[in-house]
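Please open the model in your viewer and set the display to a cartoon view, so that you can follow a short tour with a few stops. At each stop there is something to select and then something to look for.

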Amino acid sequence: MTASSDARPRGTRLPRLARRRQLLAAAQEVFVAQGYHAAAMDEIADRAGVSKPVLYQHFPGKLELYLALLEQHSEALVEKQREALESTDDNRQRVAASFQAYFDFVAGEGEAFRLVFESDLRNLPAVREKTELTLLQCAEVIGGVIRQDTSISDEEAHLLSIGLVGMAETSARYWLSSYGNIPKDAAEQLIARLAWRGISGWDLTRD
């Protein structure tokens, strides 16, 4: 089924922010289905149910659309991580919540994770900078808790948090690629248990 066959009705006037959200949602559908290079602005406009000039009023080009989506979902991932760590004071539960946040993001509707983790534009400086910054921001959120609750140095806490983020991303993406072999909650608990058995070896200031 093509994007144009699913096109939304034209002619509906929307406030600027609502229109922007609509265009971004349409672009995400097309990028995920077609890949960035195969996606066309005509197809995105059809999917959103707008004319091409309307699309260009909001986004001057395809790259700007992609970067706006990347920014949106990157911020969402970092916020998920922050909310997970603030959801409890129990460190073991924090580890579990942190991994659950990654699995939730990867399993989310619309396959937004592909825009962040599996972009075919990773070699573009603007895209690479944003994806790397996203992982660093997630690591900084985790590292802040590690620094607060252990006696290790800032540099050690940062390295540990980078390792945990890498574990979360890789395991969540692999789980999705083999979906059905292990239930989501069981996969989250398995990886969280592995991480907790490692990180709990340090002298914690509280349990």
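The tour goes from the whole chain to one helix, then to two helix pairs, and then to two single residues.

**The whole chain**

Begin with everything selected, and keep in mind that what you see is a predicted model. The protein chain has 9 helices and 0 strands, and read along the sequence it follows the pattern α-α-α-α-α-α-α-α-α. If you turn the chain along its principal axes, its C-alpha atoms fill a box of roughly 60 × 35 × 30 Å. Of the 207 residues in the protein chain, 43% are buried. Among contacts between residues at least 6 apart in sequence, 68% join residues that are at least 24 apart.

**Helix α5**

Next, select residues 91-107, which form helix α5. This helix has 17 residues and reaches 24 Å from its first C-alpha to its last, close to the 24 Å expected at 1.5 Å a residue. Now add Asp90, which caps the N-terminal end of α5, with a side-chain oxygen 3.1 Å from the backbone nitrogen of Arg92.

Which residues of α5 are buried? Show side chains along the helix and you will find that the buried residues include Asn91, Arg94, Phe99, Tyr102, Phe103 and Phe105. To see what covers the buried residues of α5, bring back the neighbouring elements, among them α4 (62-86), α6 (113-117), α7 (125-149), α8 (154-177) and α9 (184-199).

**Helices α7 and α8**

Hide the rest and keep α7 and α8, which pack at an angle of about 125° with their axes 8 Å apart. That angle makes α7 oblique to α8, and α7 passes α8 in a right-handed crossing. Where the two helices meet, the residues from α7 include Leu135, Leu136, Cys138 and Ile142, while those from α8 include Ala157, His158, Leu160 and Val165.

**Helices α8 and α9**

Keep α8 on screen and exchange α7 for α9. The helices α8 and α9 pack at an angle of about 155°, with their axes 11 Å apart, and they are therefore roughly antiparallel to each other. Here, too, α8 passes its partner α9 in a right-handed crossing. From α8, the residues Leu164, Met167, Ser171 and Trp175 meet Lys184, Ala187, Ile191, Leu194, Ala195 and Ile199 in α9.

**Lys130**

Now select Lys130, whose place is in helix α7. Is Lys130 buried or exposed? With a relative accessible area of 12%, Lys130 is buried, because a residue counts as buried when that value is under 20%. Leaving aside residues up to four places away in sequence, Lys130 touches Leu70, Glu71, Ser74 and Gln137.

**Arg122**

For the last stop, move to the loop between α6 and α7, where Arg122 is found. Arg122 has a relative accessible area of 29% and is partly exposed, because the value falls between the 20% limit for buried residues and the 50% limit for exposed ones. Show its surroundings and you will see that Arg122 touches Val116, Phe117, Val127, Arg128 and Thr131, again not counting residues up to four places away in sequence. Finally, draw a distance from the C-alpha of Arg122 to the C-alpha of Glu132: these residues are 10 apart in sequence and 9.7 Å apart in space.

Note on methods: Residues numbered from 1 in each chain as written. Predicted model: local features only at pLDDT ≥ 70, side-chain atom pairs only at ≥ 80, totals over all residues. Heavy atoms only, no water. Helix = DSSP H or I, 4+ residues; strand = E, 2+ residues; numbered from the N terminus. Expected span 1.5 Å × (residues − 1). Buried < 20%, exposed > 50% of the residue type's maximum accessible area, 1.4 Å probe, protein only. Contact = heavy atoms within 4.5 Å. Polar contact = N/O pair within 3.5 Å; in protein donor to acceptor, adjacent residues only side chain to side chain. Axes fitted to C-alpha atoms, helices over the stretch in contact; angles between N-to-C directions. Parallel < 35°, antiparallel > 145°, perpendicular 65-115°, else oblique. Left-handed = near helix turned anticlockwise from the far one by under 90°.
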